[in-house]
Amino acid sequence: MQPEVNSDLWYVCGSRLIAGNTEMKIKRFFAEDIRQALRQVRETLGPDAVILSNKTVEGGVELVAAMDYDESAFAPPRAAPSSLKLAAVPESIPLHRQNEKSRREDERPSGGIEGKSPVKIQWSQDPVLVEMRKEMKALRRMMENELSVLTWRDMTIRNPQIQELYRRLIGMGLSADICSCLIEKAGSVEGSEQAWRKALHALTGEVATVDQSLLEKGGVVALVGPTGVGKTTTVAKLAARFALHHGNRHVALVSVDSYRIGAREQLNTYARILDVPVRSAATPEELVTVLNTLADKRLIMIDTAGMSQRDIDLSKQLSLLDVAGKSISSFLTLSAATEQAALEQAIKAFAVARPKACILTKVDEAASLGGALSALIHCRMPLAFTTDGQKVPEDIHQARANTLVSIAAACGDSLSEVMTDEHLALTMGGGWVDAHG
(Lines give C-alpha, C1' and ligand atoms only; values in the text may rest on other atoms or scores of the structure.)
Protein backbone atom coordinates (compact mmCIF):
# COMPACT_ATOMS: atom_id res chain seq x y z
CA MET A 1 0.00 0.00 0.00
CA GLN A 2 1.44 3.34 -1.04
CA PRO A 3 1.77 6.02 1.69
CA GLU A 4 -0.45 9.06 1.33
CA VAL A 5 1.40 12.23 0.34
CA ASN A 6 0.33 15.49 1.98
CA SER A 7 0.32 18.04 -0.83
CA ASP A 8 0.00 20.88 1.69
CA LEU A 9 3.63 20.54 2.82
CA TRP A 10 5.78 23.46 1.72
CA TYR A 11 9.48 24.15 1.52
CA VAL A 12 11.92 26.79 0.28
CA CYS A 13 13.89 26.11 -2.87
CA GLY A 14 16.40 28.86 -3.68
CA SER A 15 14.39 32.07 -3.94
CA ARG A 16 11.12 30.20 -4.44
CA LEU A 17 8.63 29.09 -1.81
CA ILE A 18 7.02 25.77 -2.86
CA ALA A 19 3.62 25.02 -1.30
CA GLY A 20 2.08 21.87 -2.75
CA ASN A 21 1.53 22.64 -6.40
CA THR A 22 1.92 26.40 -5.82
CA GLU A 23 5.20 28.21 -6.45
CA MET A 24 5.80 31.60 -4.87
CA LYS A 25 8.74 33.87 -5.73
CA ILE A 26 10.29 35.65 -2.74
CA LYS A 27 13.01 38.27 -2.66
CA ARG A 28 14.85 40.32 -0.03
CA PHE A 29 15.30 44.07 -0.49
CA PHE A 30 17.63 46.56 1.24
CA ALA A 31 17.31 50.36 1.12
CA GLU A 32 18.12 53.47 3.13
CA ASP A 33 14.48 54.11 4.05
CA ILE A 34 11.08 52.46 3.73
CA ARG A 35 10.01 54.50 0.70
CA GLN A 36 12.97 53.40 -1.40
CA ALA A 37 12.46 49.79 -0.32
CA LEU A 38 8.80 49.85 -1.36
CA ARG A 39 9.76 51.40 -4.68
CA GLN A 40 12.22 48.53 -5.28
CA VAL A 41 9.52 45.98 -4.46
CA ARG A 42 7.08 47.56 -6.91
CA GLU A 43 9.67 47.80 -9.71
CA THR A 44 10.95 44.23 -9.22
CA LEU A 45 7.87 42.18 -8.31
CA GLY A 46 5.05 44.43 -9.49
CA PRO A 47 2.12 46.10 -7.74
CA ASP A 48 0.61 42.76 -6.60
CA ALA A 49 3.58 41.84 -4.43
CA VAL A 50 2.98 40.95 -0.78
CA ILE A 51 5.23 42.23 2.04
CA LEU A 52 6.10 39.25 4.27
CA SER A 53 8.34 41.01 6.80
CA ASN A 54 10.29 44.17 7.48
CA LYS A 55 12.93 45.19 9.99
CA THR A 56 15.45 47.92 10.63
CA VAL A 57 19.04 46.97 9.87
CA GLU A 58 22.34 48.78 9.90
CA GLY A 59 22.29 51.37 7.17
CA GLY A 60 18.53 51.26 6.47
CA VAL A 61 15.64 48.79 6.32
CA GLU A 62 15.14 45.25 5.04
CA LEU A 63 11.94 43.99 3.37
CA VAL A 64 11.01 40.45 2.38
CA ALA A 65 8.38 40.40 -0.38
CA ALA A 66 6.73 37.74 -2.53
CA MET A 67 4.65 37.48 -5.67
CA ASP A 68 2.15 34.84 -6.81
CA TYR A 69 1.07 34.54 -3.19
CA ASP A 70 -1.66 31.91 -2.70
CA GLU A 71 -3.16 31.98 0.78
CA SER A 72 -5.08 28.72 0.19
CA ALA A 73 -1.78 26.86 -0.15
CA PHE A 74 -1.25 27.28 3.58
CA ALA A 75 -4.76 26.10 4.62
CA PRO A 76 -4.79 23.24 7.14
CA PRO A 77 -5.35 19.74 5.70
CA ARG A 78 -8.97 18.67 5.58
CA ALA A 79 -10.15 15.72 7.65
CA ALA A 80 -10.35 12.35 5.93
CA PRO A 81 -13.82 11.29 4.69
CA SER A 82 -15.90 9.17 7.00
CA SER A 83 -15.80 6.28 4.49
CA LEU A 84 -12.10 5.78 5.24
CA LYS A 85 -12.91 5.27 8.91
CA LEU A 86 -15.41 2.50 8.05
CA ALA A 87 -12.82 0.71 5.98
CA ALA A 88 -10.50 0.58 8.96
CA VAL A 89 -12.87 -1.65 11.04
CA PRO A 90 -11.10 -4.97 11.79
CA GLU A 91 -12.64 -7.99 10.02
CA SER A 92 -12.45 -10.05 13.20
CA ILE A 93 -15.31 -8.14 14.78
CA PRO A 94 -18.67 -9.79 14.10
CA LEU A 95 -21.07 -7.96 11.84
CA HIS A 96 -23.72 -7.43 14.53
CA ARG A 97 -21.03 -5.93 16.80
CA GLN A 98 -20.02 -3.58 14.00
CA ASN A 99 -23.64 -2.47 13.49
CA GLU A 100 -24.08 -1.96 17.25
CA LYS A 101 -20.87 0.12 17.38
CA SER A 102 -21.95 2.23 14.41
CA ARG A 103 -25.36 2.85 16.01
CA ARG A 104 -23.74 4.04 19.25
CA GLU A 105 -21.52 6.40 17.31
CA ASP A 106 -24.54 7.76 15.40
CA GLU A 107 -26.40 8.36 18.66
CA ARG A 108 -23.59 10.50 20.10
CA PRO A 109 -24.15 14.26 20.18
CA SER A 110 -22.80 16.02 17.16
CA GLY A 111 -20.75 18.29 19.44
CA GLY A 112 -17.97 15.67 19.88
CA ILE A 113 -16.97 12.85 22.20
CA GLU A 114 -19.10 12.55 25.36
CA GLY A 115 -21.13 15.61 24.41
CA LYS A 116 -18.17 17.98 24.67
CA SER A 117 -18.10 20.90 22.29
CA PRO A 118 -15.51 20.51 19.52
CA VAL A 119 -12.25 22.30 19.91
CA LYS A 120 -12.45 25.50 17.89
CA ILE A 121 -9.20 26.44 16.26
CA GLN A 122 -8.49 30.13 16.73
CA TRP A 123 -6.56 30.95 13.60
CA SER A 124 -6.29 34.58 14.77
CA GLN A 125 -3.92 33.31 17.52
CA ASP A 126 -1.69 31.42 15.12
CA PRO A 127 1.93 32.45 15.86
CA VAL A 128 2.63 33.12 12.19
CA LEU A 129 -0.39 35.42 11.87
CA VAL A 130 0.38 37.16 15.17
CA GLU A 131 3.94 37.83 14.04
CA MET A 132 2.69 39.03 10.66
CA ARG A 133 0.31 41.50 12.37
CA LYS A 134 3.20 42.84 14.45
CA GLU A 135 5.28 43.30 11.32
CA MET A 136 2.43 45.11 9.56
CA LYS A 137 1.92 47.43 12.54
CA ALA A 138 5.62 48.23 12.65
CA LEU A 139 5.58 48.92 8.91
CA ARG A 140 2.57 51.18 9.31
CA ARG A 141 4.24 53.13 12.12
CA MET A 142 7.34 53.60 10.00
CA MET A 143 5.30 54.90 7.09
CA GLU A 144 3.27 57.21 9.32
CA ASN A 145 6.44 58.63 10.84
CA GLU A 146 7.92 59.25 7.40
CA LEU A 147 4.72 60.95 6.22
CA SER A 148 4.57 63.07 9.39
CA VAL A 149 8.10 64.37 8.81
CA LEU A 150 7.31 65.13 5.16
CA THR A 151 4.09 66.93 6.15
CA TRP A 152 5.94 69.01 8.73
CA ARG A 153 8.65 69.99 6.23
CA ASP A 154 6.05 70.86 3.63
CA MET A 155 4.20 73.02 6.17
CA THR A 156 7.44 74.88 6.89
CA ILE A 157 7.47 76.07 3.28
CA ARG A 158 3.76 76.50 2.55
CA ASN A 159 2.26 77.70 5.86
CA PRO A 160 4.82 78.69 8.50
CA GLN A 161 2.08 80.44 10.52
CA ILE A 162 0.29 77.12 11.17
CA GLN A 163 3.60 75.50 12.08
CA GLU A 164 4.43 78.21 14.62
CA LEU A 165 0.92 78.03 16.10
CA TYR A 166 1.22 74.27 16.51
CA ARG A 167 4.62 74.67 18.16
CA ARG A 168 3.25 77.10 20.75
CA LEU A 169 0.19 74.97 21.51
CA ILE A 170 2.29 71.83 22.00
CA GLY A 171 4.60 73.88 24.21
CA MET A 172 1.65 74.48 26.54
CA GLY A 173 1.52 70.73 27.16
CA LEU A 174 -1.78 70.20 25.34
CA SER A 175 -2.45 66.86 23.70
CA ALA A 176 -1.87 66.68 19.93
CA ASP A 177 -5.52 66.08 19.02
CA ILE A 178 -6.67 69.17 20.93
CA CYS A 179 -3.93 71.23 19.24
CA SER A 180 -5.15 70.05 15.84
CA CYS A 181 -8.75 71.01 16.63
CA LEU A 182 -7.66 74.46 17.85
CA ILE A 183 -5.65 75.00 14.66
CA GLU A 184 -8.73 74.23 12.58
CA LYS A 185 -10.60 76.96 14.44
CA ALA A 186 -7.82 79.58 14.37
CA GLY A 187 -5.56 78.67 11.47
CA SER A 188 -7.45 80.69 8.88
CA VAL A 189 -6.87 83.98 10.74
CA GLU A 190 -4.22 86.20 9.17
CA GLY A 191 -1.33 87.12 11.43
CA SER A 192 0.47 84.88 13.91
CA GLU A 193 -0.56 86.79 17.02
CA GLN A 194 -4.20 87.04 15.94
CA ALA A 195 -4.29 83.27 15.30
CA TRP A 196 -2.63 82.63 18.67
CA ARG A 197 -5.21 84.73 20.54
CA LYS A 198 -8.08 83.05 18.70
CA ALA A 199 -6.69 79.61 19.56
CA LEU A 200 -6.44 80.55 23.24
CA HIS A 201 -10.00 81.89 23.12
CA ALA A 202 -11.19 78.60 21.58
CA LEU A 203 -9.32 76.66 24.29
CA THR A 204 -11.02 78.75 26.99
CA GLY A 205 -14.38 77.72 25.58
CA GLU A 206 -13.42 74.04 25.84
CA VAL A 207 -12.62 74.18 29.59
CA ALA A 208 -15.89 73.75 31.50
CA THR A 209 -16.34 75.47 34.86
CA VAL A 210 -19.21 75.52 37.36
CA ASP A 211 -20.61 78.52 39.17
CA GLN A 212 -20.26 76.74 42.49
CA SER A 213 -22.54 77.88 45.29
CA LEU A 214 -20.68 75.79 47.87
CA LEU A 215 -19.27 78.84 49.66
CA GLU A 216 -22.72 80.42 49.82
CA LYS A 217 -25.21 77.62 50.49
CA GLY A 218 -22.97 75.03 52.14
CA GLY A 219 -24.10 71.41 52.45
CA VAL A 220 -22.41 68.08 53.15
CA VAL A 221 -19.32 67.97 50.92
CA ALA A 222 -16.75 65.17 50.56
CA LEU A 223 -13.41 65.57 48.80
CA VAL A 224 -12.18 62.42 47.03
CA GLY A 225 -9.05 61.82 45.00
CA PRO A 226 -5.66 60.09 44.79
CA THR A 227 -2.99 60.26 47.45
CA GLY A 228 -0.88 63.36 47.88
CA VAL A 229 -3.08 65.84 46.01
CA GLY A 230 -3.79 68.01 49.07
CA LYS A 231 -7.34 67.02 50.04
CA THR A 232 -6.93 67.76 53.76
CA THR A 233 -5.47 71.21 53.13
CA THR A 234 -8.21 71.95 50.60
CA VAL A 235 -10.86 70.91 53.15
CA ALA A 236 -9.36 73.42 55.61
CA LYS A 237 -9.29 76.18 52.96
CA LEU A 238 -12.95 75.71 52.02
CA ALA A 239 -14.03 75.50 55.65
CA ALA A 240 -12.06 78.65 56.56
CA ARG A 241 -13.43 80.58 53.59
CA PHE A 242 -17.00 79.64 54.57
CA ALA A 243 -16.35 80.52 58.22
CA LEU A 244 -15.11 83.99 57.24
CA HIS A 245 -18.42 84.75 55.53
CA HIS A 246 -20.92 82.95 57.76
CA GLY A 247 -19.18 82.30 61.08
CA ASN A 248 -17.37 79.24 62.40
CA ARG A 249 -20.40 78.05 64.39
CA HIS A 250 -21.91 76.86 61.08
CA VAL A 251 -18.92 74.70 60.07
CA ALA A 252 -17.86 71.18 61.06
CA LEU A 253 -15.15 68.78 59.85
CA VAL A 254 -15.37 64.99 59.52
CA SER A 255 -12.53 62.53 58.81
CA VAL A 256 -13.09 59.08 57.33
CA ASP A 257 -9.39 58.58 56.58
CA SER A 258 -8.25 55.53 58.53
CA TYR A 259 -5.41 54.67 56.14
CA ARG A 260 -2.88 57.48 56.36
CA ILE A 261 -0.89 57.87 59.57
CA GLY A 262 -1.48 61.28 61.10
CA ALA A 263 -4.41 62.17 58.83
CA ARG A 264 -6.83 62.81 61.68
CA GLU A 265 -4.20 64.72 63.66
CA GLN A 266 -3.69 67.07 60.73
CA LEU A 267 -7.43 67.69 60.45
CA ASN A 268 -7.63 68.20 64.23
CA THR A 269 -4.95 70.89 63.96
CA TYR A 270 -6.94 72.77 61.35
CA ALA A 271 -10.11 72.37 63.45
CA ARG A 272 -8.43 73.94 66.48
CA ILE A 273 -7.16 76.85 64.40
CA LEU A 274 -10.63 77.45 62.91
CA ASP A 275 -12.36 76.71 66.25
CA VAL A 276 -14.80 74.25 64.65
CA PRO A 277 -15.83 70.74 65.78
CA VAL A 278 -14.20 67.70 64.20
CA ARG A 279 -15.48 64.10 64.18
CA SER A 280 -14.19 60.75 62.90
CA ALA A 281 -15.99 57.82 61.29
CA ALA A 282 -14.60 54.46 60.20
CA THR A 283 -17.79 52.70 59.04
CA PRO A 284 -20.92 53.73 57.14
CA GLU A 285 -22.97 53.42 60.31
CA GLU A 286 -20.62 55.71 62.23
CA LEU A 287 -20.74 58.26 59.42
CA VAL A 288 -24.54 58.31 59.46
CA THR A 289 -24.48 58.87 63.23
CA VAL A 290 -21.94 61.69 62.95
CA LEU A 291 -23.91 63.45 60.20
CA ASN A 292 -27.09 63.26 62.25
CA THR A 293 -25.25 64.77 65.22
CA LEU A 294 -23.99 67.67 63.08
CA ALA A 295 -27.31 68.24 61.31
CA ASP A 296 -27.48 71.85 62.56
CA LYS A 297 -24.31 72.85 60.69
CA ARG A 298 -24.59 74.63 57.34
CA LEU A 299 -21.33 73.20 55.96
CA ILE A 300 -19.89 69.78 56.81
CA MET A 301 -16.59 69.02 55.06
CA ILE A 302 -15.64 65.31 54.84
CA ASP A 303 -11.98 64.39 54.35
CA THR A 304 -11.67 60.95 52.71
CA ALA A 305 -8.68 58.63 52.42
CA GLY A 306 -6.37 59.22 49.52
CA MET A 307 -6.12 56.07 47.42
CA SER A 308 -4.49 55.16 44.13
CA GLN A 309 -6.78 54.80 41.13
CA ARG A 310 -5.43 51.22 40.82
CA ASP A 311 -6.20 50.26 44.45
CA ILE A 312 -8.59 47.30 44.56
CA ASP A 313 -10.21 48.71 47.72
CA LEU A 314 -11.07 52.03 46.07
CA SER A 315 -14.71 51.16 45.33
CA LYS A 316 -15.18 49.79 48.84
CA GLN A 317 -13.90 53.02 50.40
CA LEU A 318 -16.00 55.25 48.14
CA SER A 319 -19.13 53.18 48.80
CA LEU A 320 -19.06 54.55 52.35
CA LEU A 321 -20.38 57.85 50.97
CA ASP A 322 -23.32 56.12 49.25
CA VAL A 323 -24.47 54.39 52.42
CA ALA A 324 -24.58 57.68 54.28
CA GLY A 325 -27.22 59.09 51.94
CA LYS A 326 -27.61 60.98 48.70
CA SER A 327 -27.27 64.38 50.37
CA ILE A 328 -23.45 64.19 50.17
CA SER A 329 -21.88 66.10 47.29
CA SER A 330 -18.44 64.85 46.23
CA PHE A 331 -15.69 66.82 44.52
CA LEU A 332 -12.74 65.17 42.81
CA THR A 333 -9.40 66.65 43.91
CA LEU A 334 -6.54 66.41 41.40
CA SER A 335 -3.02 67.80 41.28
CA ALA A 336 -2.05 69.98 38.32
CA ALA A 337 1.50 68.63 38.61
CA THR A 338 0.35 65.12 37.59
CA GLU A 339 0.84 63.89 34.02
CA GLN A 340 -2.15 63.77 31.69
CA ALA A 341 -2.47 59.96 31.45
CA ALA A 342 -2.56 59.57 35.26
CA LEU A 343 -5.15 62.35 35.55
CA GLU A 344 -7.44 60.67 33.04
CA GLN A 345 -7.08 57.33 34.83
CA ALA A 346 -7.97 58.97 38.15
CA ILE A 347 -11.04 60.70 36.69
CA LYS A 348 -12.34 57.39 35.33
CA ALA A 349 -11.54 55.46 38.53
CA PHE A 350 -13.23 57.97 40.86
CA ALA A 351 -16.29 58.27 38.64
CA VAL A 352 -18.02 55.78 40.97
CA ALA A 353 -18.23 58.61 43.53
CA ARG A 354 -20.19 60.71 40.99
CA PRO A 355 -18.21 63.93 41.60
CA LYS A 356 -20.05 67.13 40.73
CA ALA A 357 -16.86 68.91 39.67
CA CYS A 358 -13.10 68.93 40.05
CA ILE A 359 -10.76 70.92 42.31
CA LEU A 360 -7.35 71.42 40.70
CA THR A 361 -4.60 71.78 43.32
CA LYS A 362 -0.90 72.69 43.19
CA VAL A 363 -1.26 74.97 40.19
CA ASP A 364 1.83 76.82 41.39
CA GLU A 365 3.90 73.60 41.33
CA ALA A 366 3.03 72.52 37.78
CA ALA A 367 5.61 73.15 35.05
CA SER A 368 2.78 73.00 32.51
CA LEU A 369 -1.00 73.12 32.77
CA GLY A 370 -1.70 71.74 29.30
CA GLY A 371 -1.84 68.13 30.49
CA ALA A 372 -4.39 68.93 33.20
CA LEU A 373 -6.53 70.97 30.79
CA SER A 374 -6.37 68.19 28.19
CA ALA A 375 -7.48 65.59 30.75
CA LEU A 376 -10.43 67.73 31.87
CA ILE A 377 -11.48 68.32 28.24
CA HIS A 378 -11.16 64.66 27.25
CA CYS A 379 -13.14 63.43 30.28
CA ARG A 380 -15.65 66.32 30.18
CA MET A 381 -14.99 67.11 33.84
CA PRO A 382 -16.03 70.63 34.96
CA LEU A 383 -13.77 72.63 37.23
CA ALA A 384 -14.94 74.27 40.47
CA PHE A 385 -11.85 75.56 42.35
CA THR A 386 -8.10 75.89 41.96
CA THR A 387 -5.42 76.15 44.65
CA ASP A 388 -1.94 77.61 44.28
CA GLY A 389 -0.24 77.48 47.69
CA GLN A 390 -0.35 76.32 51.31
CA LYS A 391 -1.91 79.43 52.86
CA VAL A 392 -5.30 78.91 54.49
CA PRO A 393 -7.66 80.24 53.26
CA GLU A 394 -5.97 82.67 50.81
CA ASP A 395 -4.68 80.14 48.26
CA ILE A 396 -8.00 78.84 46.92
CA HIS A 397 -9.92 80.48 44.07
CA GLN A 398 -13.07 80.08 42.07
CA ALA A 399 -12.15 78.36 38.81
CA ARG A 400 -11.94 80.64 35.76
CA ALA A 401 -11.05 79.14 32.41
CA ASN A 402 -9.44 82.28 31.00
CA THR A 403 -7.12 82.55 34.01
CA LEU A 404 -5.96 78.95 33.70
CA VAL A 405 -5.42 79.28 29.94
CA SER A 406 -3.37 82.43 30.49
CA ILE A 407 -1.18 80.64 33.06
CA ALA A 408 -0.78 77.67 30.73
CA ALA A 409 0.24 79.95 27.85
CA ALA A 410 2.82 81.72 30.01
CA CYS A 411 4.33 78.40 31.13
CA GLY A 412 4.42 77.09 27.55
CA ASP A 413 6.41 79.94 26.00
CA SER A 414 9.70 78.63 27.40
CA LEU A 415 8.96 74.96 26.64
CA SER A 416 8.07 75.46 22.96
CA GLU A 417 11.49 76.91 22.20
CA VAL A 418 13.39 73.72 23.11
CA MET A 419 11.21 71.27 21.11
CA THR A 420 12.82 69.74 18.01
CA ASP A 421 11.15 69.61 14.61
CA GLU A 422 11.24 65.78 14.66
CA HIS A 423 9.31 65.66 17.94
CA LEU A 424 6.74 68.15 16.70
CA ALA A 425 6.35 66.29 13.40
CA LEU A 426 5.65 62.96 15.13
CA THR A 427 3.16 64.45 17.59
CA MET A 428 1.41 66.28 14.78
CA GLY A 429 0.99 63.08 12.77
CA GLY A 430 -0.61 61.24 15.68
CA GLY A 431 -2.73 64.25 16.62
CA TRP A 432 -4.22 64.58 13.16
CA VAL A 433 -5.23 60.90 13.20
CA ASP A 434 -6.83 61.22 16.68
CA ALA A 435 -8.64 64.42 15.82
CA HIS A 436 -10.16 63.15 12.60
CA GLY A 437 -10.69 59.55 13.60
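# Burial, salt bridges and cores

Colleague: Which residues of H6 are buried?

Modeller: In this predicted model, the buried residues of H6 are Ala176, Asp177, Ile178, Cys179, Ser180, Leu182, Ile183 and Ala186.

Colleague: What makes H6 largely enclosed by the rest of the structure?

Modeller: Eight of its eleven residues are buried, so H6 is largely enclosed. Lys185, which lies in helix H6 (residues 176–186), is partly exposed at a relative accessible area of 39%. The cut-off for buried is under 20% and exposed starts over 50%, so Lys185 at 39% falls in between.

Colleague: What is the salt-bridge partner of Lys185?

Modeller: Glu206, with a distance of 2.9 Å from N to O. The pair links distant parts of the chain, with Glu206 in helix H7 and Lys185 in helix H6, 21 residues apart.

Colleague: Why is the pair of Glu206 and Lys185 called a salt bridge?

Modeller: The limit is 4 Å between a side-chain nitrogen of Lys or Arg and a carboxyl oxygen of Asp or Glu. The value for Glu206 and Lys185 is 2.9 Å, so the pair qualifies. Glu206 counts as partly exposed, at 35% relative accessibility.

Colleague: How many salt bridges does the structure hold?

Modeller: Four. Another one of them joins the side chains of Arg168 and Glu193 at 3.3 Å, N to O. This pair also links distant parts of the chain: Arg168 is in helix H5, Glu193 is in helix H7, and they are 25 residues apart.

Colleague: Is Arg168 called buried or exposed, and why?

Modeller: Buried, because its relative accessibility of 18% is under the cut-off of 20%. Its partner Glu193 counts as partly exposed at 40%.

Colleague: How do you know that Arg167 and Glu164 meet in a salt bridge?

Modeller: Their N to O distance is 3.9 Å, and the limit is 4 Å, so the pair is counted. Both residues lie in helix H5 (residues 160–171), three residues apart, about one turn of the helix. An α-helix has 3.6 residues a turn, so residues three or four places apart point the same way.

Colleague: What sets the burial class of Arg167?

Modeller: Arg167 has 16% relative accessibility and counts as buried, because the threshold is under 20%. Glu164 has a relative accessible area of 37% and is therefore partly exposed.

Colleague: How many disulfides does a search of the whole structure find?

Modeller: Zero. Among the cysteines, Cys379 is partly exposed, with a relative accessible area of 23%. Cys411 is also partly exposed, at 23%. The buried class requires under 20%, so Cys379 at 23% is outside it.

Colleague: What makes strand S5 mostly covered?

Modeller: Seven of the eight residues of S5 (residues 60–67) are buried.

Colleague: How do you know that strands S4 and S5 pair?

Modeller: At least two bridges are needed for pairing. Seven bridges join S4 (residues 50–57) to S5, so the two strands count as paired. They run antiparallel, and Ile51 stands opposite Ala65 in S5. The hairpin has two residues between the strands, and Gly59 takes a positive phi near 95°.

Colleague: Which residues have the most contacts inside the largest nonpolar core?

Modeller: Leu169, Met172, Leu287 and Ile302, in a core of 64 residues. A second, separate core of 24 residues includes Val235, Ala240, Ala243 and Leu253.

Colleague: Which residues does Met172 contact, leaving aside its neighbours within four places in sequence?

Modeller: Trp196, Leu200, Leu203, Ser368, Leu369, Gly370, Val405, Ala408, Ala409 and Gly412.

Colleague: Where does Val210 lie, and why is it called partly exposed?

Modeller: Val210 lies in the loop between helix H7 (192–206) and helix H8 (214–217). Its relative accessible area is 22%, and buried requires under 20%, so it is partly exposed. Not counting residues up to four places away in sequence, Val210 touches Ala357, Pro382, Leu383, Ala384 and Gln398. Its C-alpha atom and that of Lys356 are separated by 9.1 Å, although the two residues are 146 apart along the chain.

Colleague: What percentage of contacts in the protein chain, between residues at least 6 apart in sequence, join residues at least 24 apart?

Modeller: 73%. The chain comes to 16 helices and 13 strands, and 40% of its 437 residues count as buried. Its accessible surface is about 25,500 Å², of which 52% belongs to carbon and sulfur atoms.

Key: Residues numbered from 1 in each chain as written. Predicted model: local features only at pLDDT ≥ 70, side-chain atom pairs only at ≥ 80, totals over all residues. Heavy atoms only, no water. Helix = DSSP H or I, 4+ residues; strand = E, 2+ residues; numbered from the N terminus. Buried < 20%, exposed > 50% of the residue type's maximum accessible area, 1.4 Å probe, protein only. Contact = heavy atoms within 4.5 Å. Core = buried A, V, L, I, M, F, W, Y, C linked by side-chain atoms within 4.5 Å. Areas by Shrake-Rupley, 256 points an atom, 1.4 Å probe, with all protein chains shown as cover. Disulfide = S-S within 2.5 Å.
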